[in-house]
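Trainee: I should like to work through this protein model step by step. May I put my questions to you in turn?

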Amino acid sequence: MTELKDLVGKFNSYSPHVDPTALELAWSFADKAHANQSRASGDHYLTHCVAVADSLIEWRMDLPTVCAGLLHDTIEDTPTTEAQLRAEFGEEIAMLVMGVTKLDALKFESRDEAQAENWRKMLLATAQDIRVIIVKLADRLHNMKTLNFLKREKQERIAAETMALYAPLAHRLGMFGLKSELEDLSFAYLHPEEYAELAKKVGDKRAENERQLAAAKAAIEKVLEGTNIPCRILARTKTLWSTYKKMERQEKSFEDIQDALGIRLITDTVANCYALLGIIHTHFKPVAGSFTDYISTPKLNLYRSLHTTIMSPTGELVEIQIRTEEMHRSSEYGIAAHWRYKHGEAAKDVHMEEKLNWLRQWIEWLQDLNSPREFLDSLKTDLEFNQVFVFTPAGEVKVLPAGATPLDFAYAVHTEIGESCVGAIVNNKMVRLDHPLKSGDICRINTKKGSTPKKDWLNLVKTARARSKIRHYLREQGIVE
Ligand code: MN
């Protein structure tokens with residue numbers, strides 16, 4: 001188990017100006033709270049809390065998130081109360097722990113449609129703080145790593161859930177390293193025989209692969225000599241699960257799968273990415289049609305890199321990805337990489353647009369999961385939505401209470417917009433001013449110069465802000481007392 005001083009040291013290596021006292025307090029709080037508990041492995045329960053915090057630190061999360069990682073099971077598994085957490089650690093950390101506890105309250109017994117629907121609603125309800133989801137992913141990662149201590153039946157259920165829900169979620173959040181890890185861990189339990197067979201074959205082939213990679217790497221290093229472009233060269237290996245899926249898809253055996261070697265070139269600036277590409281294409285023959293520029297046109301999940309495939313001097317195909325250090329980090333850690341700029345005020349605005357894109361895409365994705373079934377009424381939790389996220393045409397997000405109407409939205413944008421509102425267009429359709437808004441809606445307000453608030457508007461609004469502005473206007477005009 002990582003020791004406290006190592007955990008603090010690692011945290012401070014990327015957050016040098018943050019006082020880690022809360023981390024130490026959270027550690028001893030968790031230690032005491034779980035004192036008499038152990039894991040199925042026989043380990044002290046604290047090892048689990050620390051492993052979760054360790055992952056969060058690896059993903060460079062902020063202080064409240066790492067503390068929440070240490071404390072994430074205190075509400076569910078110990079007599080600790082929410083009030084206690086709030087008193088000891090403040091509102092933010094308590095809120096994160098409660099968020100994780102709420103997610104834990106839902107158990108997915110099967111992979112049926114209704115479950116996906118519950119999941120989707122639950123995520124939406126917590127979308128206001130994605131850090132809750134990230135703690136949950138760190139929790140799941142450690143549970144998967146220690147799954148061998150559980151009964152076979154439980155292993156299968158948890159692995160299936162990880163494959164169906166958590167790995168796709170990590171993927172969607174751009175946490176590709178985590179996604180692959182979760183998939184390979186699940187694979188081992190879901191298809192143990194296939195896993196063992198494939199692991200052996202990959203192992204047998206490793207020596208040959210490594211030799212080819214080393215040769216390709218040396219050839220590339222040689223042409224980069226004397227260019228003054230800083231460059232790290234990394235070899236890339238396919239995960240077992242992705243190889244297995246490819247075999248299934250192409251209906252081929254492992255021996256018949258043609259997998260190109262993968263290499264990554266990591267440099268400092270975007271200009272140098274293109275410079276490296278130029279050098280590579282000058283010295284090696286690119287495969288026609290293989291070049292893709294995800295820097296000028298990032299993927300939907302904001303992935304950026306240059307991709308090209310070349311023929312090595314020894315005749316092997318080599319897939320090359322070229323990116324900056326920053327692109328590399330964000331492709332490994334995804335949304336987590338964006339989140340940690342939270343404390344840098346200057347950096348905040350630059351990254352706000354990216355975060356907003358994440359949020360918007362996320363909501364779109366959740367709405368893509370088409371499930372015809374109603375949210376189970378039997379679900380007696382307070383996870384039902386109490387907030388909706390509505391976008392302006394310019395992409396700004398407004399958080400409103402559930403049931404909020406275009407009038408609330410108009411006042412949330414600006415009092416003047418609210419006061420001169422004459423109509424609303426939601427997702428390109430004209431709606432009435434009492435139309436309830438949903439998360440992900442894009443709302444455009446039509447205004448008319450000289451138009452003024454009406455008395456019946458007081459019945460149409462849900463927010464205190466809109467109500468008080470309307471009342472204020474009506475009182476000024478002597479329309480109401
Ligand atoms: Mn846990």
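Mentor: The structure shown is a predicted model, and the questions below take up its largest pocket, its strand pairing and its salt bridges.

Trainee: What is the volume of the largest pocket, and which residues are the closest to its centre?

Mentor: The largest pocket has a volume of about 1,600 Å³. A total of 43 residues line the largest pocket. The closest of them to its centre are R236, T237, K238, T239 and S242.

Trainee: Which element gives the most residues to the lining of the largest pocket?

Mentor: Several elements give two or more residues to this lining, among them helix 11 (176–190), helix 13 (240–250), strand 2 (261–267) and strand 6 (317–324). Helix 15 (325–333) also belongs to that group. The element that gives the most, with eight residues, is helix 12.

Trainee: How do the residues of the lining divide into nonpolar, polar and charged?

Mentor: Each lining residue is placed in a class by its type, with Asp, Glu, Lys and Arg counted as charged. The division for the largest pocket is eleven nonpolar, 15 polar and 17 charged.

Trainee: Where does the largest pocket lie with respect to domain 1 and domain 2?

Mentor: Domain 1 covers 2–186 and domain 2 covers 192–333. Both domains give residues to the lining, so the largest pocket lies between domain 1 and domain 2.

Trainee: In which sense do strand 9 and strand 11 pair, and what is the bridge partner of A424?

Mentor: Strand 9 (residues 421–426) and strand 11 (residues 443–447) are joined over five bridges, and their sense is antiparallel. Within strand 11, the bridge partner of A424 is I445.

Trainee: Which residue takes a positive phi in the hairpin of strand 9 and strand 10?

Mentor: Strand 9 and strand 10 (residues 429–431) run antiparallel and are joined by three bridges. One of the paired positions is I425, whose bridge partner in strand 10 is M430. The hairpin has two residues between the strands, and the residue with a positive phi, near 50 degrees, is N427.

Trainee: How many residues apart are K10 and D54, and is D54 buried or exposed?

Mentor: The structure holds 20 salt bridges, and one of them joins the side chains of K10 and D54 at 2.8 Å, N to O. K10 lies in helix 1 (residues 4–14) and D54 in helix 3 (residues 46–58), so the pair links distant parts of the chain, 44 residues apart. K10 has a relative accessible area of 38% and is partly exposed. For D54 the relative accessible area is 18%, which is under the 20% limit, and D54 is therefore buried.

Trainee: Why does the salt bridge of R131 and E92 tie together separate parts of the sequence, and what is the relative accessibility of R131?

Mentor: The closest N and O atoms of R131 and E92 are 2.9 Å apart. R131 lies in helix 9 (residues 130–145) and E92 in helix 7 (residues 91–104), so the salt bridge ties together parts that are 39 residues apart in sequence. E92 counts as partly exposed at 31% relative accessibility. R131 counts as buried, and its relative accessibility is 3%.

Trainee: In which helix do E248 and K245 lie?

Mentor: The side chains of E248 and K245 meet in a salt bridge (3.7 Å, N to O). E248 is partly exposed at 44% relative accessibility, and K245 is partly exposed at 34%. The two residues are three apart, about one turn of the helix, and both lie in helix 13.

Notes: Residues numbered from 1 in each chain as written. Predicted model: local features only at pLDDT ≥ 70, side-chain atom pairs only at ≥ 80, totals over all residues. Heavy atoms only, no water. 1 Å grid on protein atoms, 1.4 Å probe; cavity = no way out; pocket = protein on both sides within 12 Å on 5 of 7 lines; lining within 4 Å. Points joined across faces, edges and corners; volume = space filled by probe spheres on them. Helix = DSSP H or I, 4+ residues; strand = E, 2+ residues; numbered from the N terminus. Domains from an automatic or database assignment. Pairing = 2+ DSSP bridges. Salt bridge = Lys/Arg side-chain N within 4 Å of Asp/Glu carboxyl O. Buried < 20%, exposed > 50% of the residue type's maximum accessible area, 1.4 Å probe, protein only.
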